[in-house]
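The exercises below ask you to work from atomic contacts to the arrangement of helices and loops. Please try each task on the coordinates before reading the solution beneath it.

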Amino acid sequence: MLIRSPLRVSLVGGGSDLRYFYESNLAQSLGFSINKYVYVYEDNFIKNKINLITSSESIVTDDYNLIKNEILKGFIKKFKINSKKYVIFSDLFSGTGLGSSSALTVNLMYALSAQNQNKSYFAEEAFKLEEEISGSTVGKQDHYFSAFGGFNQFTYLNNSSVKVKKINLTKKQIKNITNHMLLIKVGTSRKAYEILYDQKNNINTSYSAKESLKEIVSLVDGASKALINNDFRELGAIVNKSWSLKKRLSRYISNREITKLENKLKTKKIYGGKLLGAGGSGYYLVIASKKIIEDIKLEFDDRILKFEVDMNGTKIIS
């Protein structure tokens, strides 16, 4: 069985999807899945042995402690997996701010519970697993974006359930969206958990940081409306504001290299932009007119990630 889970672009609201925040505050986020994937091939294997093949390790073992990948180790330990083979590969390296670790976790949970086709079920179970492994410093939006596919506005309720608002757009609207956006690589890969841990400490101890995150959440409805209306000037302004607020949550979210890229993009008169993911490095989202998008593509050619929207979410492909 070969399963694929898409990566995602989070527009507004990321960071509010962590348990310590949504249990006592309004929390929601807006974004969409893209046609870049994490793949998991699962098959039966020798009795009482696990065979793992990834980009960083290849191992046959009956001792999960020997597995390097923390998500795979946690998954195999928690669910007492044995006599299985997993081959894991991805369109992109991990640590790029596009939700690859969560896409992997969703894939694994889908493989485990493929008989249950309820997307909310395996998205939530994947989140619980990764939250347990990371020590609570992970949000749940990436698991839901990966499971559902398409454009979604998620509301994270204090009872741990998630309200899913599917945003239905025409093919013309979707094409217009991708024509007004692009992704630019900045920096190298990083561990999101470390940045999210610092953010958690700041929000729990700083009134200003907590209020900044609340203000980010208040921008989601307006961003959703702008997206539906294909009002990219307004959407860009909202994304810009949310990014400015997000940088107040942790000193590790931005850095000199990111600031240098932003200053260069400002001269292009883009509508807005933000770094995707927890911060530090990854892909920078640009929202601009079609003409400016084409100009930026020419200048940053080797750093541009071309993408389309994935409308299917996690699925078995063979």
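**Exercise 1. Contacts around threonine 61**

Task: find which residues threonine 61 touches, leaving out residues up to four places away in sequence, and decide whether threonine 61 is buried or exposed.

Solution. With those sequence neighbours left out, threonine 61 touches Asn48, Lys49, Ile50, Leu66 and Ile67. The model used here, and in the exercises that follow, is a predicted one. The next step is to place the residue, and threonine 61 belongs to strand β4, which spans residues 58–61. Its relative accessibility is 6%, and because buried means under 20%, threonine 61 counts as buried. Finally, a polar atom of the side chain of threonine 61 lies 2.9 Å from the backbone nitrogen of aspartate 63.

**Exercise 2. Two residues with positive phi**

Task: for asparagine 48, one of the residues that threonine 61 touches, and for lysine 80, state the value of phi and the loop in which each is found.

Solution. Asparagine 48 is not a glycine, and yet its phi is positive, at about 65°. It sits in the loop between β2 (28–44) and β3 (50–53), and its relative accessible area of 43% makes asparagine 48 partly exposed. Lysine 80, likewise not a glycine, has a positive phi of about 50°; this residue follows α2 and is found in the loop between α2 and β5 (84–90). With 67% relative accessibility, lysine 80 counts as exposed, because the cut-off for that class is over 50%.

**Exercise 3. Helix α2 against helix α4**

Task: describe how α2 and α4 pack, giving the angle and the distance between their axes, and then list the residues that meet.

Solution. Two packed helices are described by the angle between their axes and by the distance between the axes. For α2 (residues 70–78) and α4 the angle is about 110° and the axes are 10 Å apart. Angles from 65 to 115 degrees count as roughly perpendicular, and α2 and α4 are therefore placed in that class. The crossing in which α2 passes α4 is right-handed.

At the level of residues, α2 contributes Glu70, Ile71, Gly74, Phe75 and Lys78, which meet Leu129, Glu130, Glu132 and Ile133 of α4. Within α2, the buried residues are Ile71, Leu72, Lys73, Gly74, Phe75 and Ile76. At the start of α2, a side-chain oxygen of asparagine 69 comes to within 3.0 Å of the backbone nitrogen of isoleucine 71.

Glutamate 132 lies in α4, which covers residues 119–134, and a polar contact of 3.2 Å joins its side chain to that of lysine 78. Its C-alpha atom is separated by 9.8 Å from that of isoleucine 71, although the two residues are 61 residues apart along the chain. Glutamate 132 counts as exposed, at 52% relative accessibility. Lysine 128, also found in α4, counts as partly exposed at 39%; its C-alpha atom is 10 Å from that of methionine 109, with the two positions 19 residues apart in sequence numbering.

**Exercise 4. Helix α3 against helix α5**

Task: at what angle do the axes of α3 and α5 cross, and which residues meet?

Solution. The axes of α3 (residues 100–112) and α5 (residues 141–148) come within 8 Å and cross at roughly 60°, and α3 and α5 are therefore oblique to each other. The crossing is right-handed. In this pair, Ser102, Ala103, Thr105 and Val106 of α3 meet Asp142, His143, Ser146 and Ala147 of α5.

**Exercise 5. The two sides of helix α11**

Task: work out which residues of α11 are buried, and what they pack against.

Solution. In α11, residues 256–266, the buried residues include Ile258, Leu261, Glu262 and Leu265. These cover an arc of only 100° around the axis, which puts them on the same side of α11. An α-helix has 3.6 residues a turn, so residues three or four places apart point the same way. On the other side of α11, Arg256 and Lys260 are exposed.

The buried residues of α11 pack against β8 (181–186), α10 (232–246), β9 (272–275), β10 (282–287) and α12 (290–299). At the start of α11, a side-chain oxygen of asparagine 255 reaches to within 3.1 Å of the backbone nitrogen of glutamate 257.

How values were computed: Residues are numbered from 1 along each chain as its sequence is written. This is a predicted model: local features need pLDDT of at least 70, side-chain atom pairs count only at pLDDT 80 or more; totals for chains, interfaces and linings use all residues. Side-chain values use heavy atoms; hydrogens and water are left out. Helices (H or I, at least four residues) and strands (E, at least two) are DSSP runs, numbered from the N terminus. Buried means under 20% relative accessible area, exposed over 50%, partly exposed in between (1.4 Å probe, protein chains only). A polar contact is a pair of N or O atoms within 3.5 Å; within protein, one must be able to donate a hydrogen and the other to accept it, and residues adjacent in sequence count only if both atoms are side-chain atoms. The arc is that of the directions from the helix axis to the C-beta atoms. Contact means heavy atoms within 4.5 Å. Axes are lines fitted to C-alpha atoms, for helices over the stretch in contact, and angles run from 0 to 180 degrees between N-to-C directions. Angles under 35 degrees count as roughly parallel, over 145 as roughly antiparallel, 65 to 115 as roughly perpendicular and the rest as oblique. A crossing is left-handed if the near helix is turned anticlockwise from the far one by less than a right angle, and right-handed if clockwise.
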